[in-house]
Amino acid sequence: MASEEKPLVVVTCTAPVNIAVIKYWGKRDEDLVLPINSSLSVTLHQDQLKTTTTAAISKDFTEDRIWLNGREEDVGQPRLQACLREIRRLARKRRSTGDEDPPPLSLSYKVHVASVNNFPTAAGLASSAAGYACLAYALARVYGVDSDLSEVARRGSGSACRSLYGGFVEWQMGERADGKDSVARQVAPESHWPELRVLILVVSADRKLMGSTAGMRTSVETSPLLRFRAEAVVPGRMAEMTHCVRERDFQGFGRLTMKDSNQFHATCLDTFPPISYLSDISRRIVRLVHCFNAHHGQTKVAYTFDAGPNAVVFTLDDTVPEFVAAVRHCFPPESNGDKFLKGLPVSPASLSDELRAALDVDPTPGGVKYIIATQVGPGPQTLDDPHAHLLGPDGLPKPAA
C-alpha cells in the first residue's frame with residue numbers, strides 16, 4: 001500500500017497571537033481580504049498565548065468537520081471555506097507541476113479539524129489571527145503544501161498572515177488586484193530584542209459588541225479620517241517603526257505605538273455611527289501609562305489597544321516589576337490576588353511615595369481582572385508528540401482529560 005493511502009493522516013500545530021503596533025483597519029477587497037494599508041506587529045510567545053489545532057484527513061470521512069474549544073462549529077462559514085479551498089488548490093497545483101503519477105487520492109479526502117485556545121476567544125486578544133494561522137499551517141502540513149501561506153491565512157482573518165512568523169512582522173498591503181503581493185514578511189526574528197516584554201491587561205473577557213469585520217466595513221464606508229490615515233500617515237509610520245525595531249529604540253517604538261493606537265481609535269470615533277472599543281478602565285490605563293512616563297521623564301511603558309478594551313503594554317524587562325506594582329495600586333485585585341499575575345514570573349516591587357503621588361488616582365478595585373506577562377516569541381510549530389493530538393484515531397475529538 002502506498003504511503004499516500006494511509007487510513008488517517010494527522011498533524012497537530014500551534015500558532016501565536018500577534019499584536020499590531022501599526023494597525024490594520026479597513027479592507028480594499030472584502031473577498032480577498034486585502035487591506036487599505038500595511039501593518040506591523042509583534043508576535044507573542046506561545047508559552048502564554050497560543051492556538052493548538054489538529055487536522056486529520058481520511059478516506060473514511062464523509063464530510064469536512066470542525067470543533068472549536070470543544071464545540072462543533074458550522075464548517076460552511078465562508079472564511080473557513082475560503083481557507084480550505086485555497087489549501088486544496090495549492091495542493092493540487094503542487095501535484096500537477098511535479099512529475100509524479102496522477103494526484104494522490106488524499107487530495108479528495110475530507111478533513112476533520114479541532115482547535116483550542118489557551119486564552120479567551122473573541123475578547124479582543126487576536127484569537128482569530130492565531131486560529132486561522134494555525135488552521136492554515138496545520139492544513140498545509142496534512143495536505144503536503146509548502147508554499148507561502150500568507151494568502152490562505154489572510155482569507156480567514158487578515159491579521160492571521162502576521163501570525164505565520166515569529167518576532168516582528170510586516171504585512172505588506174500589496175498593489176495587485178489578485179492580492180498575490182499582499183503577504184507577511186519578518187522584519188526581525190524573536191531573538192532580536194530579548195529585553196522587550198509584553199503585559200496584557202485583561203479588562204474584560206467578554207465578547208465584544210461589534211466584531212472587527214463589521215466595524216471595518218462601516219469605517220471604510222464612512223470615515224474620511226481612515227482614508228487620510230491609510231494614504232498620508234501609515235507609509236511613513238511603517239518606515240519609522242521598522243527603524244525603531246531594528247535599532248531597538250524603545251523610546252521611539254513606544255511613542256509611535258501609542259500614537260498609532262490612539263489614531264486607530266480616533267478613526268473608530270470618526271466612523272458613523274461611531275464605534276468605541278475602549279471602556280472607562282481602558283482610558284484609565286492610558287492615563288496611568290502617561291503619568292508613569294511623565295514621572296520618569298521618558299517613555300518607559302507604551303500601550304496599544306486593538307478592537308477591544310484590553311490593554312497590551314510594551315516595556316523593557318527592568319521596568320516590569322515597578323509597572324505591575326503601579327497597576328496593582330490603581331486596580332487592586334478584588335479576590336484573586338494570587339492569580340492576578342499569569343505567565344512569566346515578575347518579582348514584587350514597591351512604589352515610591354513620589355510615583356504613588358504622581359499616579360494621582362482613585363483606585364478602581366477589580367478594574368483589571370488579571371495580567372498576562374509574556375515576551376516576543378516564535379512562529380507556528382508542529383508538535384511531534386502523538387499525545388498532543390486533539391483528535392483520536394476515529395477522527396473525533398478526544399474526551400477532555
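A disulfide is a pair of cysteine sulfur atoms within 2.5 Å. The exercises below use that cut-off and a few others. The model is predicted.

**Exercise 1. Cysteines**

Task: Find how many disulfides the structure holds, and check Cys13 against the cut-off.

Solution:
- Step 1. Start with the count. The structure holds zero disulfides.
- Step 2. Look at Cys13. The nearest cysteine sulfur belongs to Cys134 and lies 5.9 Å away.
- Step 3. Apply the cut-off. A disulfide needs the two sulfurs within 2.5 Å, and Cys13 is in no disulfide.
- Step 4. Check burial. Buried means under 20% relative accessible area. Cys13 has 0%, so Cys13 is buried. Cys244 has 4%, so Cys244 is buried too.

**Exercise 2. The hairpin and its second neighbour**

Task: Work out which strands pair with β7, and in what sense.

Solution:
- Step 1. Take β9 (residues 110–117). Strand β7 (residues 65–68) pairs with β9 in the parallel sense, over four bridges.
- Step 2. Take β8 (residues 71–73). Here the strands run antiparallel, and three bridges join β8 to β7.
- Step 3. Follow one residue. Leu68 has Ser115 as its bridge partner in β9. Leu68 also stands opposite Arg71 in β8.
- Step 4. Inspect the turn. β7 and β8 form a hairpin, with two residues between the strands. Asn69 sits in that turn, with a positive phi of about 50°.

**Exercise 3. The cavity**

Task: Locate the largest cavity and describe what lines it.

Solution:
- Step 1. Recall the principle. Rolling a probe the size of a water molecule over the atoms reveals where empty space remains.
- Step 2. Count. The structure has one cavity of 30 Å³ or more. The largest cavity holds about 50 Å³ of space.
- Step 3. List the lining. It consists of Asp64, Arg65, Ile66, Val75, Leu80, Leu84, Val111, Val113 and Leu135.
- Step 4. Assign elements. β7, α1 (78–97) and β9 each give two or more residues to this lining.
- Step 5. Sort by class. Seven lining residues are nonpolar, two are charged and none is polar.

**Exercise 4. Backbone exceptions**

Task: Identify the cis peptide bond, then place Val33 and Asp360, which have positive phi values.

Solution:
- Step 1. Read omega. The bond between Phe272 and Pro273 is cis, with omega about -5°. Pro273 lies in the loop between α6 (250–270) and α7 (280–296).
- Step 2. Turn to Val33. Its phi is near 55°, a positive value in a residue other than glycine. Val33 belongs to the loop between β3 (27–29) and β4 (34–35).
- Step 3. Check the burial of Val33. The relative accessible area is 1%, so Val33 is buried.
- Step 4. Finish with Asp360. Its phi is positive, about 45°, although Asp360 is not a glycine. Asp360 is in the loop between α9 (353–359) and β16 (370–375).

**Exercise 5. The four-stranded sheet**

Task: Give the strand order of the sheet that contains β10, and explain why β2 and β11 stand at the edges.

Solution:
- Step 1. Write the order. Four strands form an open sheet, β2-β5-β10-β11, with antiparallel pairing.
- Step 2. Find the edges. β2 (18–22) and β11 (184–188) each have a single partner strand, so one side of each has no neighbour in the sheet.
- Step 3. Note the twist. Neighbouring strands are turned by 35° against each other on average, direction ignored.
- Step 4. Zoom in on one pair. β10 (residues 168–171) and β11 are antiparallel, over four bridges. Trp171 stands opposite Ala184 in β11.

**Exercise 6. The five-stranded sheet**

Task: Give the order of the sheet that contains β12, then place Phe305.

Solution:
- Step 1. Write the order. The open sheet runs β13-β14-β12-β16-β15, and its pairing is mixed.
- Step 2. Name the edges. β13 and β15 (341–343) each pair on one side only. The twist averages 25° from one strand to the next.
- Step 3. Pick a pair. β12 (residues 196–202) and β14 pair in the antiparallel sense, over six bridges. The bridge partner of Val198 in β14 is Phe314.
- Step 4. Place Phe305. It is in the loop between β13 (301–304) and β14 (311–316). At 1% relative accessible area, Phe305 is buried.
- Step 5. Gauge a distance. Phe305 and His112 are 193 residues apart in sequence and 34 Å apart in space, C-alpha to C-alpha.

Key: Residues numbered from 1 in each chain as written. Predicted model: local features only at pLDDT ≥ 70, side-chain atom pairs only at ≥ 80, totals over all residues. Heavy atoms only, no water. Pairing = 2+ DSSP bridges. 1 Å grid on protein atoms, 1.4 Å probe; cavity = no way out; pocket = protein on both sides within 12 Å on 5 of 7 lines; lining within 4 Å. Points joined across faces, edges and corners; volume = space filled by probe spheres on them. Nonpolar A, V, L, I, M, F, W, Y, C, P; charged D, E, K, R; others polar. Buried < 20%, exposed > 50% of the residue type's maximum accessible area, 1.4 Å probe, protein only. Axes fitted to C-alpha atoms, helices over the stretch in contact; angles between N-to-C directions.
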